[in-house]
Amino acid sequence: MAVNIQPKPTAAFALSVIAGLGTILGAFLLANSPLSLMADPALASMVQIWGAIAGLLVIAGSWLLYTNAAQRK
């Protein structure tokens, strides 16, 4: 059993989590903004769905970066 002696990339993890949350929040705020140019409600919901998926993927990637510090390259 190999011991993981690599230092954890906590700054990269924190920035990635903040970016993922910002992506999710931005997608929902953009779609619901009164200044939004999206007159079509289907387009607004697609922005919300894809923004949420992208944000969750960024958060999942940051978790993998943090837990598998030896494989981060």
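The following paragraphs lead from the overall fold of the chain to the contact between its helices and then to individual residues. The structure is a predicted model, and its features are described here on that basis.

The chain contains two helices and zero strands. Helix 1 covers residues 10-31, and helix 2 covers residues 41-67. Of the 73 residues in the chain, 18% count as buried. The accessible surface amounts to about 5,400 Å², and carbon and sulfur atoms contribute 74% of that area. The contacts of the chain can also be viewed by sequence separation: among those with a separation of 6 or more, 74% join residues 24 or more positions apart.

The arrangement of the helices comes next. The axes of helix 1 and helix 2 come within 8 Å of each other and cross at roughly 175°. An angle over 145 degrees counts as roughly antiparallel, and the two helices are therefore roughly antiparallel to each other. In terms of residue class, the contact of helix 1 with helix 2 comprises 20 nonpolar and eight polar residues, with no charged residues.

Two residues, one from each helix, show this contact in detail. A27 lies in helix 1. Its relative accessibility is 7%, and because buried means under 20%, A27 counts as buried. When neighbours within four places in sequence are left aside, A27 is in contact with V47, Q48 and G51. A further spatial relation links A27 with A44: the two are 17 residues apart in sequence, and their C-alpha atoms are 9.0 Å apart in space.

Q48, one of the residues in contact with A27, is found in helix 2. Its relative accessibility is 18%, which is under the 20% limit, so Q48 also counts as buried. Not counting residues up to four places away in sequence, Q48 touches A27, F28, A31 and N32. Of these partners, A27 and F28 fall within the range of helix 1, residues 10-31, as does A31. The contact between A27 and Q48 thus appears from both sides, in the list for A27 and in the list for Q48.

Aromatic residues provide a last point of reference. A pair of aromatic rings is described by the distance of the centres and the angle of the planes. A search of the whole structure finds three aromatic pairs. One aromatic cluster is formed by F13, W63 and Y66. Within the helix boundaries, F13 belongs to the range of helix 1, while W63 and Y66 belong to the range of helix 2.

Key: Residues are numbered from 1 along each chain as its sequence is written. This is a predicted model: local features need pLDDT of at least 70, side-chain atom pairs count only at pLDDT 80 or more; totals for chains, interfaces and linings use all residues. Side-chain values use heavy atoms; hydrogens and water are left out. Axes are lines fitted to C-alpha atoms, for helices over the stretch in contact, and angles run from 0 to 180 degrees between N-to-C directions. Helices (H or I, at least four residues) and strands (E, at least two) are DSSP runs, numbered from the N terminus. Angles under 35 degrees count as roughly parallel, over 145 as roughly antiparallel, 65 to 115 as roughly perpendicular and the rest as oblique. Ala, Val, Leu, Ile, Met, Phe, Trp, Tyr, Cys and Pro count as nonpolar, Asp, Glu, Lys and Arg as charged, and the others, Gly among them, as polar. Buried means under 20% relative accessible area, exposed over 50%, partly exposed in between (1.4 Å probe, protein chains only). Contact means heavy atoms within 4.5 Å. Accessible areas come from the Shrake-Rupley method with a 1.4 Å probe; for residues, only the protein chains shown count as cover. Rings of Phe, Tyr and Trp (its six-membered ring) pair if their centres lie within 6.5 Å; planes under 30 degrees apart count as stacked, over 60 as edge-to-face and the rest as tilted.
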